[in-house]
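Here is a quick walk through a single-chain model, written for someone who likes to know which parts to trust before loading it up. Have the viewer open as you read.

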Amino acid sequence: MNIINPGGENVYSKLSSNFEECPDVKENLSQDQVNLFEQIQRGDLGVPSHALKAGALQYENRCGVVNKQFLLCKKEEGDPRSCMAENMRVADCAANFFKAVSDACTETFVQFAQCLEHNVERSYKFCRPEQRDFDHCVFTKLGMDKAGPRNMEDFEVFATRKKPINPLKLENYDEPPAVYPDFNRPVNVENMK
């Protein structure tokens, strides 16, 4: 049973202007740009926020490194368009994770997500029995455990792309010239009154 985006449709493509399909635009696009538009038109996961929260701890354990690489790239490059490869890896990892979870543990996943949706604070503390059942199911059927407490190694991100030059876009300048009073300048006494 596929509970994640059962229709498989991309609601955002219906709202798209199909700018890239206009004949004048299409003939001026390079192959890289055509591939980029195909990747963008791929669609979203179709997972509601309470279901994202329900699977967040196991998702971090499986896809956390890929997410950190994308965020590092976006921060260093200053433009998410230059990080499309990392973005696609994040989307693939998320799709694979939620498909595996929804196929293996459909009932416990839905119960846990609905519990989070129905409590006012959207807090885990009101859904501990459902969380225990979901964690047990994911661990026994998929071998995925929750992300544990953080270590210093968790904050290091290793990327295969080359390091950017001046990632913070800082201007390279020496110390500004010192401002000294000019004692040789004539003083206009009339303006001081």
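Confidence bottoms out in helix α1 (residues 11-15), with a mean pLDDT of 51, and peaks in α8 at 94. This is a predicted model, and over the chain the mean pLDDT comes to 80, with 80% of the residues at 70 or more.

The architecture is easy to describe: eight helices and zero strands, so the string of elements from the N terminus reads α-α-α-α-α-α-α-α. Of the 193 residues, 24% are buried. Take the contacts between residues at least 6 apart in sequence: 72% of them join residues at least 24 apart.

**Helix α6**

Helix α6 covers residues 84-104, and its length makes a handy sanity check. Counting 1.5 Å a residue, its 21 residues should span 30 Å, and because the C-alpha atoms at its ends are 30 Å apart, the model agrees with the expectation. Which residues of α6 are buried? They are Met84, Glu86, Met88, Val90, Cys93, Ala94, Phe97, Phe98, Val101 and Ser102. Much of that list is spaced in the way helix geometry suggests: with 3.6 residues a turn, residues three or four places apart point the same way. The cover over these buried residues includes α3 (31-40), α4 (49-54), α5 (56-77), α7 (106-118) and α8 (128-142).

Asparagine 96 also belongs to α6, but its relative accessibility is 52%, so it counts as exposed, the cut-off being over 50%. In space, asparagine 96 is 9.9 Å from cysteine 63, C-alpha to C-alpha, while 33 residues separate the two in sequence.

**The core and its rings**

The largest nonpolar core holds 26 residues, and Tyr59, Phe97, Phe109 and Phe112 have the most contacts inside it. At least two residues of this core come from each of α4, α5, α6, α7 and α8, with α6 giving the largest share, six residues.

Across the whole structure there are seven aromatic pairs. Two of them share phenylalanine 97, and their geometry is in the table.

| Ring pair | Distance between centres | Angle between planes | Type |
|---|---|---|---|
| Tyrosine 59 and phenylalanine 97 | 5.6 Å | 70 degrees | edge-to-face |
| Phenylalanine 97 and phenylalanine 98 | 4.9 Å | 80 degrees | edge-to-face |

Why do both rows end up with that label? Planes over 60 degrees apart count as edge-to-face, and the angles here are 70 degrees for the tyrosine 59 pair and 80 degrees for the phenylalanine 98 pair. Tyrosine 59 sits in helix α5 and phenylalanine 97 in helix α6, so their pair ties together parts 38 residues apart in sequence.

How buried are these rings? Both tyrosine 59 and phenylalanine 97 are buried; phenylalanine 97 has a relative accessibility of 0%, and phenylalanine 98 is buried too, at 2%. Setting aside neighbours within four places in sequence, tyrosine 59 is in contact with Gly64, Asn67, Val90, Ala94, Phe97 and Phe98. Zooming out, one aromatic cluster is formed by Tyr59, Phe97, Phe98, Phe109, Phe112, Tyr124 and Phe134.

Tyrosine 124 in that cluster has a charge for company: lysine 53 lies over the face of its ring, 5.2 Å from the ring centre.

**The loop between α7 and α8**

Where does serine 123 sit? Its place is in the loop between α7 and α8. Even so placed, serine 123 has a relative accessible area of 18%, and since buried means under 20%, it makes the cut. Leaving out residues up to four places away in sequence, serine 123 touches Lys53 and Leu116. That brings back lysine 53, the residue over the face of tyrosine 124.

Arginine 122 lies in this loop as well. Its phi is positive, at about 55 degrees, although it is not a glycine, and with a relative accessible area of 38% it is partly exposed.

**After the last helix**

Glycine 148 lies in the segment after α8. At 40% relative accessibility, it counts as partly exposed. Glycine 148 and glutamine 58 are 90 residues apart in sequence, yet their C-alpha atoms are 9.7 Å apart in space.

Key:
Residues numbered from 1 in each chain as written. Predicted model: local features only at pLDDT ≥ 70, side-chain atom pairs only at ≥ 80, totals over all residues. Heavy atoms only, no water. Helix = DSSP H or I, 4+ residues; strand = E, 2+ residues; numbered from the N terminus. Expected span 1.5 Å × (residues − 1). Buried < 20%, exposed > 50% of the residue type's maximum accessible area, 1.4 Å probe, protein only. Contact = heavy atoms within 4.5 Å. pLDDT = per-residue confidence, 0-100. Core = buried A, V, L, I, M, F, W, Y, C linked by side-chain atoms within 4.5 Å. Phe/Tyr/Trp six-rings, centres within 6.5 Å; stacked < 30°, edge-to-face > 60°. Lys NZ or Arg CZ within 6 Å of the ring centre and 35° of its normal.
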